[in-house]
Amino acid sequence: MASVLGTSATAILASRPFTSPTPKPSVSTLTLTPVQGNGRKFYGGIGIHSKRGRSQFHVAITNVATDINSAELAQKLAAKESQRPVYPFPAIVGQDEMKLCLLLNVIDPKIGGVMIMGDRGTGKSTTVRSLVDLLPEIKVVAGDPYNSDPEDPESMGMEVRESIMKGEKLPTVLAKINMVDLPLGATEDRVCGTIDLEKALTEGVKAFEPGLLAKANRGILYVDEVNLLDDHLVDVLLDSAASGWNTVEREGISISHPARFILIGSGNPEEGELRPQLLDRFGMHAQVGTVRDAELRVKIVEERARFDRNPKEFRHSYKAEQEKLQRQISSARSSLSSVQIDHDLKVKISKVCSELDVDGLRGDIVTNRAAKALASLKRRDRVTAEDIATVIPNCLRHRLRKDPLESIDSGLLVIEKFYEVFS
């Protein structure tokens with residue numbers, strides 16, 4: 001149900017300077033407007049600057065505001081029905097470590113994503129894609145291609161910021177969190193978005209086409225076989241994951257938009273390891289092994305056969321469990337801010353990280369966040385040592401490797417150090 005954005009975010013943005021107001025054409029455009037200054041003409045607006053020093057460009061960015069009417073909603077529902085059916089999350093047998101890491105990241109996206117490594121055919125991609133049905137709804141500005149948060153300035157596109165600064169009331173809608181797949185063969189333009197430089201310079205009007213990073217803002221970006229990703233795309237992901245913004249630069253022209261996403265990757269360690277810089281960007285690391293129990297293997301095969309035979313009926317049989325899990329996630333997200341962790345537990349977490357010689361402070365931060373998310377999922381308002389013991393191997397084991405030729409620890413080192421410090 002659509003609501004109307006008030007001026008609650010105006011005060012937050014009051015200190016942020018912006019220049020000329022954004023025009024509202026019927027198509028997505030970048031408008032170059034001539035402005036007289038110091039005896040010479042330059043182009044005024046927002047966001048784009050020339051690096052040569054001879055002239056100065058400012059570009060105002062506008063996007064299409066699409067009215068969501070009943071016909072469009074009907075089309076969306078029809079498209080959803082025709083999509084390839086997704087295997088239900090509760091129907092996945094075993095792999096509890098992987099499932100827990102994914103759920104904790106949905107509850108608290110600031111954990112920083114999860115890297116899933118394991119054998120072939122162990123359900124890594126199936127599990128990640130089954131998460132789609134459990135993703136909660138978030139409030140977004142209607143028609144905005146960046147899924148702008150109407151209350152958080154750091155997750156707003158340029159046009160939304162400008163409108164709020166002028167005191168405009170923007171329509172908002174509830175939308176499901178996006179899950180965007182990043183194909184291994186994607187080009188940099190498709191990932192980052194692209195601009196037509198020739199049209200921008202000759203006509204002064206340019207339609208900017210947002211890429212996958214714009215679509216993934218406030219959502220999930222999933223990279224299957226992430227260890228096979230091209231280096232230039234790895235660099236793009238590193239830059240966006242570090243800053244939370246994506247910048248498109250072409251011949252001195254720069255456009256920025258928010259790109260805050262949960263990064264989820266999966267891969268087989270036999271096909272190669274990840275670059276240490278990218279591995280460190282994943283908040284948690286889950287290891288997946290082949291199920292050895294014969295009874296469990298039979299159950300997995302039978303469940304898969306049922307799904308292949310009649311996906312709709314199979315999904316319906318797990319509908320009640322799906323809805324229950326959805327409610328648990330929604331409740332955990334809403335109560336997360338009230339969860340407390342005692343100071344002595346924080347000290348012990350940092351002591352474990354220090355004695356394991358973990359570089360940086362990401363390990364400390366992620367462990368604290370993951371433990372609070374787990375306590376919230378269990379409907380408690382205080383973190384216990386048991387919560388920390390559950391999540392700390394996943395938060396630290398991929399940060400222990402000093403030699404690139406070493407394999408990632410299975411978690412035994414972390415558990416031994418945990419019991420040594422917490423006892």
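# Notebook: arginine 218, strand E13 and the salt bridges

**Entry 1, arginine 218.** I began with arginine 218 and found its place in the loop between helix H8 (212-215) and strand E13. I note at the outset that I am working from a predicted model. I then looked up which backbone atom the side chain of arginine 218 reaches, and it is the backbone oxygen of lysine 139, at 2.9 Å. Leaving aside residues up to four places away in sequence, I listed what arginine 218 touches: Ile138, Lys139 and Val140, then Asn147, Ser148 and Asp149, and finally Ser155, Ile177 and Arg260.

**Entry 2, strand E13.** From that loop I went on to E13 itself, which spans residues 220-224 and is mostly covered, with four of its five residues buried. Which strands does E13 join by bridges? I found three bridges to strand E9 (residues 179-181), the two strands running parallel, and five bridges to strand E16 (residues 262-267), again with the strands parallel. For the pairing with E9, I wrote down that aspartate 181 has tyrosine 222 of E13 as its bridge partner. For the pairing with E16, I wrote down that aspartate 224 stands opposite serine 266.

**Entry 3, aspartate 181 and arginine 129.** I next searched the whole structure for salt bridges, which gave 17. One of the pairs I followed up is aspartate 181 with arginine 129, whose side chains meet in a salt bridge at 3.0 Å, N to O. This pair links distant parts of the chain, since aspartate 181 lies in strand E9 and arginine 129 in helix H4 (residues 124-130), 52 residues apart. Are the two partners buried or exposed? Aspartate 181 has a relative accessible area of 34% and is therefore partly exposed, and arginine 129, with a relative accessible area of 28%, is partly exposed as well.

**Entry 4, aspartate 280 and its two arginines.** I then turned to aspartate 280, whose side chain meets that of arginine 362 in a salt bridge at 2.3 Å, N to O. Here too the pair links distant parts of the chain: aspartate 280 is in helix H10 (residues 276-281) and arginine 362 is in helix H15 (residues 362-377), 82 residues apart. Aspartate 280 also forms a salt bridge with arginine 399, with the closest N and O atoms 3.0 Å apart. For this second pair I placed arginine 399 in the loop between helix H16 (385-396) and helix H17 (412-422), 119 residues from aspartate 280 in H10. I recorded Asp280, Arg362 and Arg399 together as linked in a network of salt bridges.

I checked how accessible each member of this network is. Aspartate 280, at 24% relative accessibility, counts as partly exposed, and arginine 362, at 33%, also counts as partly exposed. Arginine 399, at 6% relative accessibility, counts as buried, because the cut-off for buried is under 20% relative accessible area.

**Entry 5, helix H3.** Last, I looked up helix H3, which covers residues 96-107 and has twelve residues. From its first C-alpha to its last, H3 reaches 16 Å, close to the 16 Å expected at 1.5 Å a residue. How many of the twelve residues of H3 are buried? I found nine, so that I noted H3 as mostly covered. The buried residues of H3 are Met98, Lys99 and Cys101, followed by Leu102, Leu103, Leu104, Asn105, Val106 and Ile107.

Terms used. Residues are numbered from 1 along each chain as its sequence is written. This is a predicted model: local features need pLDDT of at least 70, side-chain atom pairs count only at pLDDT 80 or more; totals for chains, interfaces and linings use all residues. Side-chain values use heavy atoms; hydrogens and water are left out. The expected span of a helix is 1.5 Å times one less than its number of residues. Buried means under 20% relative accessible area, exposed over 50%, partly exposed in between (1.4 Å probe, protein chains only). Two strands pair if DSSP finds at least two bridges between them. A polar contact is a pair of N or O atoms within 3.5 Å; within protein, one must be able to donate a hydrogen and the other to accept it, and residues adjacent in sequence count only if both atoms are side-chain atoms. Contact means heavy atoms within 4.5 Å.
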